[in-house]
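Please open the structure in a viewer and keep the selection tool at hand. The tour below proceeds from one selection to the next.

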Amino acid sequence: MLDNLEMIAQNDPSGMFEAVYNLPEQIQKAYEIGKNISVDIKAEDIDKVVITGLGGSAIGGNLVRVFVLDQCKVPVIVNRDYVLPAYVNSKTLVIASSYSGNTEETLSAYQDAKAKGAKIIAITTGGKLKEMAEKDGYYVITIPGGLQPRAALGYSFIPLLMLFVKIGLIPPVDDQIEETIKVLSDLRERYKPEVPEEKNLAKRLTLKLWNKLPIIYGISGTTEVIAERWKGQICENSKSPAYFNVFSELNHNEIVGTESPKHILGLFEIVMLHDVEDHKRNAIRMDITKDLVKGVVSGVNDIYSIGNSRLARMFSLIYLGDYVSLYLATLYQNDPTPVKKIDILKNKLAEIKD
Ligand SMILES: O=P(O)(O)OC[C@H]1O[C@](O)(CO)[C@@H](O)[C@@H]1O
């Protein structure tokens, strides 16, 4: 079914498949942008980092948060709100991340950061954020436009990660970026539409999730944000509901909610994301949980990261989720690009001034 290339092309008039295929090149370009970052902020000047953004931009920040968790000596917090927490002050580095540069919550948080006297860096393609930050004399990392924010994860993540290196918060990541580009270049030749179902994991997994409710499980500290990314991509690209949760937390509540109603539980198709750095006990929890839900849910699918470095492994899982979301869109005959409901929301919000 998913081997019908004409059907794929018909449901992808705006080229989201192409954008996903080009992720390795995007990461290469993002790497060059990262190398050119030149800031005078040093690790000792700050006692915390707050990355403020929404949607795809927040995911980029959240992936950085998890990536640096065991290396960075200052807390990294992701803020997805109009305002920043009261602990933001002159020792805080606030990174305002918005691909469009026009997301209202991020613009509002930027103003809040300014009012609180924080050190500010903006990462954006342009829009009001770039305009304001340049006018206010803050450093702006400018990334290329022309993509949907969720398709620009390379741009919203890699320069941010390299900023952490430049500031001296984490050791260099060059080798990891280079490996990531290689791993993704290899994976796209395995996941692309031309590869038939029997050899294409992305297509096979999509067929399992089709007409089901995808439930994506990650593990705290490793795959937690990747699970969130899968959920977001399935919602926005496939226009299907999807939910995610994280081990071990879900073992303390969600696992109990698997008894009734049976006809709804029977539609759950679970994807468990695995990585070699998963906490041993959480890996065991995943196995036990699988046994507990077997026969109740429609199915459980184990997916393992590929690659040596942490970065390559992270992106290997992200990439599979991206392809799955596009194939699922194809099966539902949806164009992955438009996000009509968000457009309606934004228009309605624009009509209402406070
Ligand atoms: O990165 P931006 O442009 O601030 O957008 C944030 C999020 O907002 C949306 O544009 C929709 O509101 C998402 O698609 C996107 O991920």
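**The ligand and its surroundings**

In this predicted model, begin by selecting the ligand: the space that the ligand takes is the largest pocket. The elements that contribute two or more residues to the shell around the ligand are helix 4 (55-68) and helix 14 (340-351). Colour helix 4 next, since the viewer will then show the element that gives the most to this shell, with three residues.

Now display the residues that surround the ligand. They are Leu54, Gly55, Gly56, Ser57, Ser98, Tyr99, Ser100, Thr103, Pro149, Glu236, Ile342 and Lys346. How many residues of this shell are nonpolar, polar and charged? Colouring by class shows four nonpolar, six polar and two charged residues in the shell around the ligand.

**Polar contacts of the ligand**

Select Tyr99 and show the backbone: a polar backbone atom of Tyr99 is 2.7 Å from an oxygen atom of the ligand. Proceed to Thr103, where a polar atom of the side chain lies 2.5 Å from a ligand oxygen atom. Then select Glu236, which has an N or O atom in its side chain 3.2 Å from an oxygen atom of the ligand. Taken alone, the ligand exposes 390 Å², and the protein buries 89% of that.

**The annotated domain**

Select residues 37-179 next. The unreviewed UniProt entry places the feature "domain: SIS" at these positions. Over residues 37-179, the chain is 39% helix and 18% strand. Mark the C-alpha atoms at the two ends of this range; they are 21 Å apart.

**Backbone features in two loops**

Most residues other than glycine have a negative phi, and most peptide bonds are trans. The last stops concern departures from these tendencies.

Move to the loop between strand 7 (243-247) and helix 11 (262-265), in which Ser248 lies. Which peptide bond involving Ser248 is cis? The cis bond joins Phe247 and Ser248, with omega of about 5°. Pro261 is also located in the loop between strand 7 and helix 11. A cis peptide bond joins Ser260 to Pro261, and its omega is about -10°.

Finally, select Asn211, in the loop between helix 9 (201-209) and strand 6 (213-219). Although Asn211 is not a glycine, it has a positive phi of about 60°.

Notes
Residues numbered from 1 in each chain as written. Predicted model: local features only at pLDDT ≥ 70, side-chain atom pairs only at ≥ 80, totals over all residues. Heavy atoms only, no water. UniProt positions renumbered as here; feature names shortened; annotations may be inferred. Helix = DSSP H or I, 4+ residues; strand = E, 2+ residues; numbered from the N terminus. Near = heavy atom within 4 Å. Polar contact = N/O pair within 3.5 Å; in protein donor to acceptor, adjacent residues only side chain to side chain. Areas by Shrake-Rupley, 256 points an atom, 1.4 Å probe, with all protein chains shown as cover. 1 Å grid on protein atoms, 1.4 Å probe; cavity = no way out; pocket = protein on both sides within 12 Å on 5 of 7 lines; lining within 4 Å. Sits in = over half its atoms within 2 Å of the grid points. Nonpolar A, V, L, I, M, F, W, Y, C, P; charged D, E, K, R; others polar.
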